[in-house]
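Here is a brief report on one chain and its ligand. Please look over the structure first, then read on.

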Amino acid sequence: MSQGTFQLLPSVDRVASDARLRELPAALVVDITRDVLDVARSRIAANGPAPAFDDVVLDVRARVTARLEAVPRRLINATGVILHTNLGRAPIAEEAIAAMAEAARGYSDLEFDRTTGRRGSRHHLIEPLVTALTGAEAAIAVNNNAAAVLLALSALAARREVVISRGELVEIGGGFRIPDVMRQSDARLVEVGTTNRTRLRDYEEAIGEKTAAVMRVHPSNFRMTGFTESVPIDALVAAAHARDVPLIDDTGSGALLDTTRFGLAAEPTPQRSIAAGADLVLFSGDKLLGGPQAGIAMGRRALIERMARHPLARAVRLDKVSIAGLAATLRLYVEGRAEERIPIWRMIAMPLADIEERARPIAASVPGASVIAGRSMVGGGSLPDESLPTAVVSLRALRMSAAALAAALRERGVVARVEEGRVLLDLRTIDASEDEAVIAALRGIAQGQADEEAARPR
Ligand SMILES: *Cc1c(COP(=O)(O)O)cnc(C)c1O
């Protein structure tokens, strides 16, 4: 490689001072110019051509602009998976959005007692709503449910033993394993039973002097069938209490409504655990609760107070914006308006006929698409085998591969489901206000394809 070819590349200064980059932040322009020139240099080293000066400038401008765009970008979820972990889990209610914007905009009495003018507790907003809804004595909210598990065991079980069934040592997705989170608390896990069967006697034999708690974990998106046995919560509570040990129940999804009303299997509810006598119940804010990311711990006051006083409580505390959103979401349940106002429940309750009616004009907007029957999933680690009947727009007929079509849709902000070589759009997870954008994306892709075919030499 001759020195001469490299000299075809402009200097960082020359690119960065180009008039077309003048409006952009200088430090970012210099950084990205270095990256772009580095790539060009390796290409030249591999006997590739040197890029034209104008192309370097335009490349830098495009990359700087992309870097400055507000992220995360809005997507349309056409997968039919209601709690899609990769797409940000639960979209939240307008009431929660308004409360979050208000909390972010100004100062507030989040930690201020207006009567005394002194410092207040940030838990006073959430606690009365949670206790009213569930019958629990006390509650606190933290950053997420993993943090609630970590804080509960750190405060209540460090250097002591926690008895748990081998059937509940699950991975909840993204490589995160419940037993690993638990071990971080310095509690020693005493595993009982086998993967498929754990009996009351297994727990009873394991509870001893060093036992700090018996723990139950919702197996999340994992379901065992066939030769299985687990201990019902009432019996587990009785066994723990007979030995003066608290029962901690990680219920996972935080379903406050009865899922059987929507034709789904029964997802365990946190209020049922409290009624059964569980001493501490933990759940997420952004799964079937339908609120912002949060973890809620509720139960006996003495246990909640020990958690609130633990140093980790400060590290995992919920921020003011999420507290506002969570409180507004919980208020909708208290007012009996959850099903009507919280997006995930609206999606779960959406009548099939409404979905079909919206699917038809979308299918009619591109050649060859059709409306067929499909199934929507709840997702988010809840109800793994359960689905809801839906109508989907099947895009088998557009003349490109399913993978290429799904990629073209993603590029236009629509995430579809690919099944058996077909691209499917499930309207259950698309807000009706987004239907026009879906049609525009499909028309754009179909038009692009028609243009390409017209340009092809015959
Ligand atoms: C999802 C889940 C968690 C983790 O909750 P995050 O709010 O995502 O931290 C913990 N336990 C169970 C049983 C879960 O389903």
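## Ligand site

In this predicted model, 13 residues surround the ligand, and Arg89, Ala146, Asp250, Ser284 and Lys287 come nearest. Polar atoms of the protein lie close to ligand atoms at several points. A polar backbone atom of Ala146 is 2.8 Å from an oxygen atom of the ligand. The side chain of Asp250 places an N or O atom 2.6 Å from a ligand nitrogen. The side chain of Ser284 has an N or O atom 2.7 Å from a ligand oxygen.

How much of the ligand's accessible area does the protein cover? On its own, the ligand has 390 Å² of accessible area, and the protein covers 94% of that. Two elements give two or more residues to the shell around the ligand: helix 7 (145-157) and strand 9 (247-252).

## Helix 12

Helix 12 spans residues 301-309, and its buried residues are Leu303, Ile304 and Met307. These residues fall within an arc of 100 degrees when seen down the helix axis, so they line one face of helix 12.

The cover over that buried set includes helix 7, strand 3 (138-142) and strand 10 (280-284). Strand 11 (295-299) and helix 13 (311-315) are also included. Helix 7 thus appears in two settings: it gives residues to the ligand shell, and it helps cover helix 12.

## Helix 4

Helix 4 covers residues 53-68, 16 residues in total. From its first C-alpha to its last it reaches 23 Å. The span expected at 1.5 Å a residue is 22 Å, and the helix is close to that.

Which residues of helix 4 are buried? They are Val56, Val57, Val60 and Val64. Their arc around the axis is only 95 degrees, which puts them on the same side of helix 4. The packing partners of these buried residues are helix 2 (12-16) and helix 3 (26-45).

## Trp345 and Arg346

Trp345 sits in helix 16 (residues 343-349). Is Trp345 buried or exposed? Its relative accessible area is 0%, so Trp345 is buried. Beyond four places in sequence, Trp345 touches Leu257, Thr259, Phe262, Leu288, Tyr333, Ala338 and Glu339. Leu58 lies far off: its C-alpha is 46 Å from that of Trp345, with the two positions 287 residues apart in sequence numbering.

Arg346 is also found in helix 16. Its relative accessibility is 35%, so Arg346 counts as partly exposed. Apart from neighbours within four places in sequence, Arg346 is in contact with Glu339, Glu340, Arg341 and Asp431. Its side chain reaches the backbone oxygen of Arg341 at 3.4 Å. Thr429 is 83 residues away along the chain, yet its C-alpha is 9.6 Å from that of Arg346. Glu339 is a contact of Trp345 and also of Arg346.

## Arg358

Arg358 lies in helix 17 (residues 352-364). Why does Arg358 count as buried? Buried means under 20% relative accessible area, and Arg358 has 15% relative accessibility, so Arg358 counts as buried.

A polar atom of the Arg358 side chain lies 3.5 Å from the backbone oxygen of Leu427. Not counting residues up to four places away, Arg358 touches Met350, Leu427, Ile430, Asp431, Ala432 and Asp435. Asp431 is thus touched by Arg358 and is in contact with Arg346.

## His218

His218 is found in a loop, between strand 8 (211-217) and helix 10 (233-242). With a relative accessible area of 16%, His218 is buried. Its side chain makes a polar contact with the side chain of Glu267, at 3.1 Å.

## The whole chain

The chain has 19 helices and 16 strands. Its C-alpha atoms fill a box of roughly 80 × 55 × 50 Å along the principal axes. Of the 458 residues, 48% are buried.

The accessible surface comes to about 22700 Å², and carbon and sulfur atoms account for 50% of that. Among contacts between residues at least 6 apart in sequence, 74% join residues at least 24 apart.

Notes: Residues numbered from 1 in each chain as written. Predicted model: local features only at pLDDT ≥ 70, side-chain atom pairs only at ≥ 80, totals over all residues. Heavy atoms only, no water. Helix = DSSP H or I, 4+ residues; strand = E, 2+ residues; numbered from the N terminus. Expected span 1.5 Å × (residues − 1). Buried < 20%, exposed > 50% of the residue type's maximum accessible area, 1.4 Å probe, protein only. Arc of directions from axis to C-beta. Contact = heavy atoms within 4.5 Å. Polar contact = N/O pair within 3.5 Å; in protein donor to acceptor, adjacent residues only side chain to side chain. Near = heavy atom within 4 Å. Areas by Shrake-Rupley, 256 points an atom, 1.4 Å probe, with all protein chains shown as cover.
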